[in-house]
Amino acid sequence: MVIFIDESGIHKQTGHSTASVVYVEVKNLEKFEAKLKKIESDLRISYFHWAEERWFMKNKFLSHIFNLDFTVKVAVFENPVKPDEMLEMVFQHLITEKTITSIFIDGEKPKWYEHKLKKVLRDKGIAIKKLKTVRSKSEVGIQLADCLASLIRYYHDNPEEKDAKKWFNKLKKEKKLSFELLVNQP
């Protein structure tokens, strides 16, 4: 089992803000990557990044991903004051599986940070072979995690927005969203 982790919305530091951190679980990495690359090829894009796409392409991409074999867990943070601690909280509360082979996290972070997160897992009795921070262009699983983190954050900020509501509800209906943790920070 491989896990891809990405966050959305941690850049806003004043006023109301919502941040989401998703955890995308994939059981057959090779099959998943091939299918996701085919989706990108069919859409004539070299990679998917939520912030760079219009709703037209977001809708097309989202309509294709439900054929992929994955599940999502998400932590949604209202008004996060310590973004650095969000990922550690996700590791403490969302990662419960014992058969993880690799975890890929979006964004280049220092080695000490990777070691710190590995220690959080070891303290829970979870040993993994590989925990690595990567750039989103290099891992298609991170691109899916980016899409879902951004969608879920956008939905929580705009619950009545038609497209966001439709896709968020479909995630739940199709049982792709297996867990949602809501954290309200002062």
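Student: How far apart are the closest N and O atoms of the salt bridge between Glu-97 and Lys-73?
Tutor: This is a predicted model, in which local features need pLDDT of at least 70 and side-chain atom pairs count only at pLDDT 80 or more, while totals for chains, interfaces and linings use all residues. Residues are numbered from 1 along each chain as its sequence is written, and side-chain values use heavy atoms, with hydrogens and water left out. A salt bridge needs a side-chain nitrogen of Lys or Arg within 4 Å of a carboxyl oxygen of Asp or Glu. Glu-97 and Lys-73 form one, and their closest N and O atoms are separated by 3.0 Å.

Student: How many residues apart in sequence are the parts that the pair Glu-97 and Lys-73 ties together?
Tutor: Helices (H or I, at least four residues) and strands (E, at least two) are DSSP runs numbered from the N terminus. Glu-97 of the salt bridge with Lys-73 sits in the loop between helix 3 (83-93) and strand 4 (102-106), and Lys-73 is in strand 3 (residues 71-78), so the parts tied together are apart in sequence by 24 residues.

Student: Are Glu-97 and Lys-73 buried or exposed?
Tutor: Buried means under 20% relative accessible area, exposed over 50%, and partly exposed in between (1.4 Å probe, protein chains only). Glu-97 has a relative accessible area of 17% and Lys-73 one of 10%. By the 20% cut-off, Glu-97 is therefore buried, and Lys-73 also counts as buried.

Student: Which residue forms a salt bridge with Lys-38, and which with Arg-153?
Tutor: Lys-38 and its partner are four residues apart in helix 1 (residues 29-42), about one helical turn, and the closest N and O atoms are 3.0 Å apart. Arg-153 and its partner are likewise about one turn apart, in helix 5 (residues 140-157), with a closest N and O distance of 3.6 Å. The partner of Lys-38 is Asp-42, and that of Arg-153 is Asp-157.

Student: What are the relative accessible areas of Asp-42, Asp-157 and Arg-153?
Tutor: Asp-42 and Asp-157 are partly exposed, whereas Arg-153 is buried. The values are 45% for Asp-42, 29% for Asp-157 and, for Arg-153, 16%.

Student: What is the order of strands in the open sheet?
Tutor: Two strands pair if DSSP finds at least two bridges between them. The open sheet has six strands with mixed pairing, in the order 5-4-1-2-3-6. Strand 5 (130-134) and strand 6 (177-184) each have a single partner strand, so one side of each lacks a neighbour in the sheet. Strand 5 starts and strand 6 ends the order 5-4-1-2-3-6.

Student: How many bridges join strand 2 to strand 3, and how many join strand 3 to strand 6?
Tutor: Strand 2 and strand 3 run antiparallel, and here Tyr-23 stands opposite Lys-73. Strand 3 and strand 6 run parallel, with Val-76 and Leu-182 as bridge partners. The count is eight for strand 2 with strand 3; for strand 3 with strand 6 it is seven.

Student: How many of the residues of strand 2 are buried?
Tutor: In a regular strand the side chains alternate between the two faces of the sheet. In strand 2, one side carries Thr-18, Ser-20, Val-22, Val-24 and Val-26 and the other Ala-19, Val-21, Tyr-23 and Glu-25, with both faces covered. The buried residues of strand 2 number nine of nine.

Student: Which element gives the most to the largest nonpolar core?
Tutor: A nonpolar core is a set of buried Ala, Val, Leu, Ile, Met, Phe, Trp, Tyr and Cys residues joined through side-chain atoms within 4.5 Å. The largest has 40 residues, and Phe-4, Val-24 and Phe-70 have the most contacts inside it. Strand 1 (2-8), strand 2 (18-26) and helix 2 (55-65) are among the elements that each supply at least two residues of this core. The top contribution, 10 residues, comes from helix 5.

Student: At what angle do helix 2 and helix 6 pack?
Tutor: Axes are lines fitted to C-alpha atoms, for helices over the stretch in contact (heavy atoms within 4.5 Å), and angles run from 0 to 180 degrees between N-to-C directions. Angles under 35 degrees count as roughly parallel, over 145 as roughly antiparallel, 65 to 115 as roughly perpendicular and the rest as oblique. The axes of helix 2 and helix 6 are 12 Å apart, and the contact involves residues including Trp-55 of helix 2 and Trp-167 of helix 6. Helix 2 is roughly parallel to helix 6, because the angle is about 10°.
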